[in-house]
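Colleague: I should like to go through this model with you and ask how each description is justified. Please set each value against the rule behind it.

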Amino acid sequence: MASAYTGGCACGQVTLAMAGEPVLIRQCWCRQCRRIAAGGPANNAAFKTEDVAITGTLGSHAYVAASGNTLTQWFCPSCGTPLTAQSSARPHLLTVRFGAIDDRTGSSPRPRSGPTTRRTGRWSIRTWSSSRSSRQRRPLPLEHRDRDGGDMRFSYMPRACYEPWNDLPPAFRSRRRPPFWNFTQARLESRS
Amino acid sequence: MLMTHTGKCLCGQVRFTIDADPIGARMCWCRDCQRIASGSATVNVLFPEEAVRYEGEMGVFRMIADSGNEVARGFCTGCGAQMYSRTVVPGGLPIRIRAGTLDDPDLIAPTAILWAGSVPAWAELDPNLPQHGKGPDSPVIETYS
């Protein structure tokens, strides 16, 4: 079988060969995925089940997900590398973890489902790059960043703004405040 | 304030308690970490090694990391969850607990990105964090134009 992608675990006990292209490519931040994926999201490429050939011994673990489906995941029992997963609702698909897929320049799968970058939780950034060929997106220019690193152009309320009265002598500083100035300041305080 | 931090693997076979506060947290994008972290970086919280107590059966995988250090990686034999990474040679380094196994994965935010040189093209990094090309002692990559 000519395989489009190959892969395996860290110790080499298990090898994977995938024929054809993945059907779905997604990133999952659920709590269960974060437990097995060392804190970050699991990056998943779902292939047709019959397209995936596996050699070696696999360990498995199954649990009932929040959706009510039973999720079975397979890993290498000698090094713990997460390899594949399957939902009871979709037995025709087998999800392969990105990390287990060998790099192949220009053909490695990547999450792609709409161009958004969102900050979630306290530190993580979720990203889907919509373009297959794009490199890493340019960092947000400094002048557009707010103090949390987000894009202040799209903030509901500006978290930092130019306060011209601060350039005046102290006697004039407290004269004029913009509307909701106290509320803005309260938000600033609670965020820091 | 000293607190006790707890955590477990996905299936509950391995549990641990930590009687110390975290020393720091970092993301590692080395190719080895991507392989065991389902394609993402490992998010590692550093603790003094003697403060961590594990219960339950764990497998240990030893390897020479990209840095040349010999590391031991603990994982749950029941569900494959990655639990920790410990540097065997050289000794004396803090143990790195995988953030996902902590009951409070938001305990501490990562403050640096390691091995940014091997980040896949689709990943987007937090522009506010220093990005080291290799390990923590390697120079920071200048990312801003």
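Colleague: In what order do the elements of chain B run from the N terminus on?

Modeller: The model is a predicted one. In chain B the order is β-β-β-α-β-β-β-β-β-β-β, read from the N terminus. Its secondary structure amounts to one helix and ten strands.

Colleague: What is the secondary structure of chain A?

Modeller: Chain A has three helices and eleven strands. From its N terminus the elements run β-β-β-α-β-β-β-β-β-β-β-β-α-α.

Colleague: Why is the pair B:R53 and B:D19 called a salt bridge?

Modeller: The rule asks for a side-chain nitrogen of Lys or Arg within 4 Å of a carboxyl oxygen of Asp or Glu. The closest N and O atoms of B:R53 and B:D19 are 2.7 Å apart, so the pair satisfies that rule. B:R53 belongs to strand 5 (residues 52-55) of chain B, whereas B:D19 sits in the loop between strand 2 (15-18) and strand 3 (24-28), so the salt bridge ties together parts that are 34 residues apart in sequence.

Colleague: What makes B:R53 and B:D19 partly exposed?

Modeller: Buried means under 20% relative accessible area and exposed means over 50%, with partly exposed in between. B:R53 has a relative accessible area of 46%, and B:D19 has one of 33%. Both values lie between the two cut-offs, and therefore both residues are called partly exposed.

Colleague: How do you know that B:E49 forms a salt bridge with B:R86?

Modeller: Their closest N and O atoms are 3.5 Å apart, and the limit is 4 Å. The pair therefore counts as a salt bridge. B:E49 lies in the loop between strand 4 (42-47) and strand 5 of chain B, and B:R86 lies in strand 8 (residues 82-89), so parts 37 residues apart in sequence are tied together.

Colleague: Why is B:R86 called partly exposed rather than buried?

Modeller: The relative accessibility of B:R86 is 22%. Buried requires a value under 20%, so B:R86 is classed as partly exposed. B:E49, at 31%, is also partly exposed.

Colleague: What makes B:R62 and B:E70 a salt bridge?

Modeller: The N to O distance between their side chains is 3.2 Å. Since the rule requires a distance within 4 Å, the pair qualifies. B:R62 is partly exposed at 47% relative accessible area, and B:E70 is partly exposed at 23%.

Colleague: How many salt bridges does the rule give over all chains?

Modeller: The count comes to five over all chains.

Colleague: What share of the residues in each chain is buried?

Modeller: In chain A, 40% of the 192 residues are buried. In chain B, buried residues make up 57% of the 145 residues.

Colleague: Which residues touch the most other members of the largest nonpolar core?

Modeller: They are A:M18, A:F47, B:I18 and B:I97, in a core of 57 residues. Leaving aside residues up to four places away in sequence, B:I97 touches several residues, including B:F16, B:I18, B:V43, B:Y54 and B:L102. A second, separate core has five residues, among them B:C28, B:C33, B:L114 and B:W115.

Colleague: How do you know that B:I97 is in contact with B:N44?

Modeller: B:N44 is one of the residues that B:I97 touches. Contact means heavy atoms within 4.5 Å, so this pair has heavy atoms within that limit.

Notes:
Residues are numbered from 1 along each chain as its sequence is written. Chains are lettered from A and ligands numbered from 1 in the order in which they are written. This is a predicted model: local features need pLDDT of at least 70, side-chain atom pairs count only at pLDDT 80 or more; totals for chains, interfaces and linings use all residues. Side-chain values use heavy atoms; hydrogens and water are left out. Helices (H or I, at least four residues) and strands (E, at least two) are DSSP runs, numbered from the N terminus. Buried means under 20% relative accessible area, exposed over 50%, partly exposed in between (1.4 Å probe, protein chains only). A nonpolar core is a set of buried Ala, Val, Leu, Ile, Met, Phe, Trp, Tyr and Cys residues joined through side-chain atoms within 4.5 Å.
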